[in-house]
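This report describes one protein model, moving from its overall arrangement to individual residues. The sequence and structure are shown first.

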Amino acid sequence: MPQGASSAQTGGSGLWTQGLSVPALLHHQAGIHGASLALSAESGGGSRQRLDYAALCRRMDAAAGLLRQAGLGRQERLAIYLTNDWAL
């Protein structure tokens with residue numbers, strides 16, 4: 001797919017064209033590939049951290065719960081500013 005083009009613009013298909021949210025897509029993938037690798041990144045000291053789909057969903061749901069506790073509601077926008085590294 002060309003950079004910046006949507007699957008609808010290029011005639012593509014798949015889960016992105018079904019109007020699902022990112023959390024819904026991730027939960028869908030976790031249901032299919034739960035123990036498969038979802039993310040892998042270097043962390044401090046040159047070690048590599050890995051998360052499977054099930055663990056990634058648990059972390060996503062925990063973060064969403066904390067945001068709800070902080071007062072963020074459904075359909076509200078949130079900006080996230082992160083460094084280009086990853087620490088579990």
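Along the sequence, the elements of this predicted model follow the order α-β-β-α. The secondary structure thus listed amounts to two helices and two strands.

**Confidence**

The mean pLDDT of the protein is 81, and 77% of the residues reach at least 70. Among the elements, strand E1, residues 37-42, has the lowest mean pLDDT, at 89, whereas helix H2 has the highest, at 94. Residues 1-10 stay under 50 in pLDDT, and the model has nine contacts for them beyond four places in sequence.

**Overall surface and contacts**

The protein has 88 residues, of which 16% are buried. Its exposed area is about 7,100 Å², with carbon and sulfur atoms supplying 53% of that area. Among contacts with a sequence separation of 6 or more, 34% join residues that are 24 or more positions apart.

**The strand pair**

Strand E1 pairs with strand E2, residues 48-52, in the antiparallel sense, and five bridges connect the two. Two of the residue pairings can be named. Serine 40 has arginine 50 of E2 as its bridge partner, and leucine 37 stands opposite aspartate 52 in E2. The hairpin formed by E1 and E2 has five residues between the strands, and glycine 45 in this hairpin takes a positive phi near 75°.

Aspartate 52 merits a closer description. This residue belongs to strand E2. Leaving aside residues up to four places away in sequence, aspartate 52 touches Gly34, Ala35, Ser36, Leu37 and Ala38. The list includes Leu37, the residue opposite aspartate 52 in the strand pairing. For alanine 35, the C-alpha to C-alpha distance to aspartate 52 is 5.3 Å, although the two residues are 17 apart in sequence. Aspartate 52 is classed as partly exposed because its relative accessibility is 25%, a value between the limits of 20% and 50%.

**The salt bridge**

Side chains that carry opposite charges can pair when their charged atoms come close. How many salt bridges does the structure hold? There is one. Arginine 48 forms a salt bridge with glutamate 42, and their closest N and O atoms are 3.7 Å apart. That distance falls within the 4 Å cut-off for a salt bridge. Glutamate 42 is exposed because its relative accessibility of 53% is over 50%. Arginine 48, at 36%, counts as partly exposed.

**The nonpolar patch**

Which residues make the nonpolar surface patch? Leu67, Leu78, Ile80 and Leu82 make it, and the patch covers about 420 Å². One of these residues, leucine 78, lies in the segment that follows helix H2, which spans residues 53-69. Leucine 78 is partly exposed, since its relative accessible area is 46%. This value also satisfies the patch requirement of over 30% relative accessible area.

**Accessibility of the residues described**

The table collects the relative accessibility of the four residues discussed above.

| Residue | Relative accessibility | Class |
|---|---|---|
| Aspartate 52 | 25% | partly exposed |
| Arginine 48 | 36% | partly exposed |
| Leucine 78 | 46% | partly exposed |
| Glutamate 42 | 53% | exposed |

Conventions
Residues numbered from 1 in each chain as written. Predicted model: local features only at pLDDT ≥ 70, side-chain atom pairs only at ≥ 80, totals over all residues. Heavy atoms only, no water. Patch = residues over 30% accessible without salt bridge, like charges linked within 9 Å, V, L, I, M, F, W, Y side chains within 5 Å. Areas by Shrake-Rupley, 256 points an atom, 1.4 Å probe, with all protein chains shown as cover. Salt bridge = Lys/Arg side-chain N within 4 Å of Asp/Glu carboxyl O. Helix = DSSP H or I, 4+ residues; strand = E, 2+ residues; numbered from the N terminus. Buried < 20%, exposed > 50% of the residue type's maximum accessible area, 1.4 Å probe, protein only. pLDDT = per-residue confidence, 0-100. Contact = heavy atoms within 4.5 Å. Pairing = 2+ DSSP bridges.
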